[in-house]
Amino acid sequence: MSVAVAGFGVRRSSVAGGLPEDIDGLLVTAAENVRYLTGFSGSHGAVLIDRGGSGILATDGRYLERAAAEAPGVECVEARRATPALVEHAVTRGIARLGYDAGSVTVEGFDVIAAAAGDATTLVRGPRIVEALRAVKDPAELEAVSRACEITAAAFHAVIEGVGAGVTERELDWQLQAAMRANGAQGPAFDAIVAFGPHSAIPHHEPTDRPLARGDLMKFDFGACVDGYRADMTRTVVLGPAADWQRELHAQVAHLQAELRRAAVAGTLPRDLDAAMRKGLTGLGHDPLHGLGHGVGLAIHEDPFLTENSPAPPLEVGTVFTIEPGIYQPGRGGVRIEDTLVITESGESSALTETTRALLEV
Ligand code: ZN
Ligand code: ZN
C-alpha cells in the first residue's frame, strides 16, 4: 500500500495548520521532508507550503517526469535551483514571513535565498513541524517499515547460517546486502556495522578485512530500505561455544533491553527511557557510551531522539523508534541488542524486527 495522493494533501494541510502565527509559509528543503509531503523522491527538490495548505514543488528538468508520476496532486514548477525559485514564488504570493528549514539550509544556501527574498519577505527559522509529524507513522508508512524490518530479520538468519571461520567483516556486509536485495529491499538503510572480536567493542565500527576466528563475538547492526522507509536492528552472536564472560555480557544487555522495551509505552517520555538505560548500565558497573535510541522512517535517525535531555514529546500510538542499549569492553568485545519498535493501539511497544535475541552459537 502506498500513500494515496490525498494522503500527501492531508500532510500538507497538517503543516499549514501547525504554522505559528508569525509565519505565513514554510520553505521545505530536507529531502525526506519533501518526500513526506509530496511523494517526490528525486535528489533535487523543495516545497513551499502556504497557510492555505497548497504546496508548490520545484525541481529541475531531469526530474520533471518523475515528479509528475510521484507527486501528481501537487503543482510542480521547473527551476534549475529549486530553493531560490520557491522563495521568489513566496514573494509573489505576498508571504511576508517565510520559515525555512534551518537543519538543511547551508550558510551558502542561506545567502542565496536571502537574495531571492529581498526586502519583501523576511526569512525566519522554521518550526520543526514536518519532523514532528514524521515521528508518528500512518498505516502506509508502518507497512513499509514493517516490510523493511522483516527483510532485515530474514537476511540475518540467511547470513549467519552459512558463517564460518575465515570470512571477513566486509564479506559478511556484502552478504547481508545481497540477502536483503534478494528479498525485495531497494538497498541497505545505512552503512552496516559488522564487527568481529574486539571490534565489537567499538559502537560504530566500519567493516574491515579482519577474518572471523573461533570464539569471536560478531556484532551486526544493519537494516533494509523499502519504499524509502528504513529498518534498524542489531544482534550479537558468537562463533563456536561462548565463553562465560560473553554469556554474562550478553545476558546483561538482553535483560536490560527487554526491560526497556516493556517500559516503552504510550505516554512515556523518550528522555526518561534513556535515563532508565543509564541507570541500568551504571548499576551494572558500565559507562553508557551512547543514547538509548532514535526514531526511524524516511531517515535512519529522525525524531524522536531517545537521549539525555531530549525535548521529544511522549511516545504515542504509531511512533516508530529503536531501543539499543550496549555494553562495550575496549580490547575485548561488546554486545548491543537493537530493535525497531512501534507503539501499537494497545499502547504497548511491539518489535517490528521480531526475531531471536539469544546469544546464538553458530
Ligand atoms: Zn542500528
Ligand atoms: Zn539505531
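# A walk through the model, loop by loop and metal by metal

Start by selecting aspartate 227, which sits in the loop between strand E10 (224-226) and strand E11 (229-230). Keep in mind as you look around that this is a predicted model. Aspartate 227 has a phi near 50 degrees, a positive value in a residue other than glycine.

**Stop two: the first zinc ion**

Now pick the zinc ion (ligand 1) and show what surrounds it. Which residues hold this ion? Asp221 appears twice, through two OD atoms, and is joined by Asp232 (OD) and Glu338 (OE), at 2.0 to 2.6 Å. Along the chain, the donors of the zinc ion (ligand 1) follow the spacing D-x10-D-x105-E. If you draw the angles among the four donor atoms of ligand 1, you will find values of 55 to 149 degrees, and the site is irregular. For reference, four tetrahedral donors would ideally give 109.5 degrees.

Colour by secondary structure and look at two of these donors together. Aspartate 221 lies in strand E9 (residues 217-222), while glutamate 338 is in the loop between strand E17 (333-336) and strand E18 (339-343), so this pair ties together parts that are 117 residues apart in sequence.

**Stop three: the second zinc ion**

How far apart are the zinc ion (ligand 1) and the zinc ion (ligand 2)? Put a distance label between them and it will read 3.1 Å. Select aspartate 232 as well, since this residue coordinates both ions.

Then centre on ligand 2. The zinc ion (ligand 2) is coordinated at 2.1 to 2.2 Å by Asp232 (OD), His294 (NE2), Glu324 (OE) and Glu338 (OE). Glu338 should look familiar from the previous stop, where it was listed among the donors of ligand 1. The four donor atoms of ligand 2 make angles of 78 to 152 degrees, and this site is irregular. In sequence, the donors of ligand 2 are spaced as D-x61-H-x29-E-x13-E. Two of them come from distant parts of the chain: histidine 294 belongs to strand E13 (residues 293-295), and glutamate 324 to the loop between strand E15 (320-323) and strand E16 (326-329), 30 residues apart.

**Stop four: a cis bond and another positive phi**

Move to strand E14 (residues 302-306), which contains proline 304. Is the peptide bond from aspartate 303 to proline 304 cis or trans? The bond is cis, with omega near -5 degrees. From there, go on to asparagine 309, in the loop between E14 and E15. Asparagine 309 is not a glycine, yet its phi is positive, at about 60 degrees.

**Stop five: H7, H8 and the loop after them**

Select helix H7 (residues 139-161) together with helix H8 (residues 169-182); their axes are 9 Å apart and the helices pack at an angle of about 130 degrees. That angle makes H7 oblique to H8. Their crossing is right-handed. Show side chains for Ile151, Thr152, Ala155, Phe156 and Val159 in H7, and you will see them meeting Leu172, Gln175, Leu176, Ala179 and Met180 in H8. Sorted by class, the residues of this contact are eight nonpolar, two polar and no charged.

Next, select glycine 184, in the loop between H8 and strand E7 (187-188). Leaving aside residues up to four places away in sequence, glycine 184 touches Ile151 and Val226. Ile151 is one of the H7 residues you have just displayed. For one more distance label, use the C-alpha atoms of glycine 184 and arginine 147: they are 37 residues apart along the chain and separated by 9.1 Å.

**Stop six: two more helix pairs**

Bring up helix H4 (residues 82-92) and helix H5 (residues 107-117), whose axes come within 8 Å and cross at roughly 25 degrees. This makes H4 roughly parallel to H5. The crossing of H4 and H5 is right-handed. Thr83, Pro84, Val87, Glu88 and Val91 of H4 make the contact with Val112, Ile113, Ala116 and Ala117 of H5. That contact holds seven nonpolar residues, one polar and one charged.

Finish with helix H1 (residues 5-17) and helix H2 (residues 31-38), which pack at about 120 degrees with axes 6 Å apart. On the H1 side, select Phe8, Arg11, Arg12 and Val15; on the H2 side, Arg35, Tyr36, Leu37 and Thr38. The contact of H1 with H2 has four nonpolar, one polar and three charged residues.

Technical notes: Residues are numbered from 1 along each chain as its sequence is written. Chains are lettered from A and ligands numbered from 1 in the order in which they are written. This is a predicted model: local features need pLDDT of at least 70, side-chain atom pairs count only at pLDDT 80 or more; totals for chains, interfaces and linings use all residues. Side-chain values use heavy atoms; hydrogens and water are left out. Axes are lines fitted to C-alpha atoms, for helices over the stretch in contact, and angles run from 0 to 180 degrees between N-to-C directions. Helices (H or I, at least four residues) and strands (E, at least two) are DSSP runs, numbered from the N terminus. Angles under 35 degrees count as roughly parallel, over 145 as roughly antiparallel, 65 to 115 as roughly perpendicular and the rest as oblique. A crossing is left-handed if the near helix is turned anticlockwise from the far one by less than a right angle, and right-handed if clockwise. Contact means heavy atoms within 4.5 Å. Ala, Val, Leu, Ile, Met, Phe, Trp, Tyr, Cys and Pro count as nonpolar, Asp, Glu, Lys and Arg as charged, and the others, Gly among them, as polar. Donors are N, O and S atoms within 2.8 Å of the metal (3.2 Å for Na, K and Ca); water is not among the atoms, so sites may look incomplete. Four donors count as tetrahedral if all angles lie between 85 and 135 degrees; four count as square planar and six as octahedral if opposite donors are over 155 degrees apart and all others between 65 and 115; anything else is irregular.
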